[in-house]
Amino acid sequence: MEPKEGTGKENMGTKKKNLTFLRPRLYMLERRKTDTVVDSGVSGDHSGTLRRSQSDRTEYNQKLQEKMTPQAECSTEILAQEEEPQMQRMMARRSKIIKELIQTEKDYLNDLELCIREVVQPLRSKQIDRLDVDSLFSNIESVQQISAELLSLLEEATTDVEPAMQVIGEVFLQIKGPLEDIYKIYCYHHDEAHSVLESYEKEEELKQHLSHCIQSLK
């Protein structure tokens, strides 16, 4: 009989150990059951009843969304505030570039008019032998005329117009054809004009006439 009692105590000890080992697993199984969205106790109702664990998750998601929404709006406002000064700087830079472009065209046109008035026309009026003014200056009068037209169009597109509304690209597209035609001729004869000038500088009489014109420019 004694061996049987010993065996019974051992069996009881083993059961307790097994229960201790299984208790966490039984708890996890119960948690999984409560995670079920639809209450199995309600038959025929497919919409079901939300159990507590699902409800907690929904409430948590709602609170999380409420917290994130103001932050997203705030981030958008900050981004807009950062972009505004950058846009202002870009517009100021654009306006400055347009002004410099127009001023450069004015200076270039003044130089052309001065050269025609003080050099080209006096040399033509003197009718000096061996001095070919047309070979030396090519179609400079045509260059002056197209430059004056370009400046006029640029000023028309920018005068009394807000900087943000100034559009000068259309001006260049409008005058593109005549510009190409006139400068093709001028550039084609440029090297030839340079060679002619070098040959004139070797002749003292012609050189004096040219020097006199240059002095009048100064």
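Helices here are DSSP runs of H or I at least four residues long, numbered from the N terminus, and these numbers are used in the legends below for a model that is predicted.

**View A. The chain as a whole, with 7 helices and 0 strands.** From the N terminus on, the elements follow one another as α-α-α-α-α-α-α. Of the 218 residues of the chain, 21% count as buried. Where contacts join residues at least 6 apart in sequence, 63% of these contacts link residues at least 24 apart.

**View B. Val120, a residue of helix H2.** Val120 counts as buried because its relative accessibility is 0%, where the cut-off for burial is under 20%. Once residues up to four places away in sequence are set aside, Val120 touches Cys115, Val133, Phe137, Ile140 and Glu141. Along the chain Val120 and Asp134 are 14 residues apart, and their C-alpha atoms are separated by 8.9 Å.

**View C. The largest nonpolar core, with 32 residues.** The residues with the most contacts inside this core are Leu123, Leu131, Phe137, Ile140 and Tyr200. At least two residues of this core come from each of helix H2 (52-126), helix H3 (133-137), helix H4 (140-158), H5, H6 and helix H7 (204-217), and it is H2 that gives the most, with 9 residues. In soluble globular proteins, nonpolar side chains tend to be buried together. Phe137, named above for its contacts inside the core, touches Cys115, Val119, Val120, Leu123 and Tyr186 when residues up to four places away in sequence are not counted.

**View D. The largest pocket, with a volume of about 480 Å³.** The lining of this pocket is made up of 19 residues, of which Cys115, Leu136, Phe137, Ala193 and Leu197 are the closest to its centre. H2, H3, H6 and H7 each supply at least two residues of the lining, with H7 giving the most, 5 residues. Sorted by class, the lining holds 12 nonpolar, 5 polar and 2 charged residues. Phe137 therefore appears in two of these views, being listed both among the residues with the most contacts inside the largest nonpolar core and among those closest to the centre of the largest pocket.

**View E. Cys115 and the cysteine sulfur closest to its own, in Cys213.** Cys115 is buried, because its relative accessible area of 18% falls under the 20% cut-off. A disulfide is a covalent bond between the sulfur atoms of two cysteines. The sulfur of Cys115 lies 9.1 Å from that of Cys213, which is too far for a bond, since a pair of cysteine sulfur atoms has to be within 2.5 Å to count as a disulfide. By this rule the count comes to 0 disulfides. The same cysteine, Cys115, is one of the residues touched by Val120 and one of those touched by Phe137.

**View F. Tyr108, placed in helix H2.** Tyr108 has a relative accessible area of 32% and is therefore partly exposed, a class that lies between the 20% cut-off for buried and the 50% cut-off for exposed residues. Leaving aside neighbours within four places in sequence, Tyr108 is in contact with Val143, Ser147 and Tyr183. One of these partners, Ser147, is 39 residues from Tyr108 along the chain, and the C-alpha atoms of the two are separated by 8.2 Å.

**View G. His189, in the loop between helix H5 (169-188) and helix H6 (190-200).** With a relative accessible area of 28%, His189 is partly exposed. In sequence His189 and Ser135 are 54 residues apart, while in space the two are 7.7 Å apart, C-alpha to C-alpha.

**View H. Arg130 and Asp160, two loop residues with positive phi.** Arg130, in the loop between H2 and H3, has a phi near 65°, a positive value in a residue other than glycine. Asp160 belongs to the loop between H4 and H5, and its phi is near 60°, likewise a positive value in a residue other than glycine. Asp160 counts as exposed because its relative accessibility is 80%, where the cut-off for exposure is over 50%.

Terms used: Residues are numbered from 1 along each chain as its sequence is written. This is a predicted model: local features need pLDDT of at least 70, side-chain atom pairs count only at pLDDT 80 or more; totals for chains, interfaces and linings use all residues. Side-chain values use heavy atoms; hydrogens and water are left out. Buried means under 20% relative accessible area, exposed over 50%, partly exposed in between (1.4 Å probe, protein chains only). A nonpolar core is a set of buried Ala, Val, Leu, Ile, Met, Phe, Trp, Tyr and Cys residues joined through side-chain atoms within 4.5 Å. Contact means heavy atoms within 4.5 Å. On a 1 Å grid over the protein atoms alone, a cavity is a set of points where a 1.4 Å probe fits but cannot get out, and a pocket is an open set with protein on both sides within 12 Å along at least five of seven lines; lining residues have an atom within 4 Å of a point. Grid points are joined across faces, edges and corners, and a volume is the space filled by probe spheres set on the points. Ala, Val, Leu, Ile, Met, Phe, Trp, Tyr, Cys and Pro count as nonpolar, Asp, Glu, Lys and Arg as charged, and the others, Gly among them, as polar.
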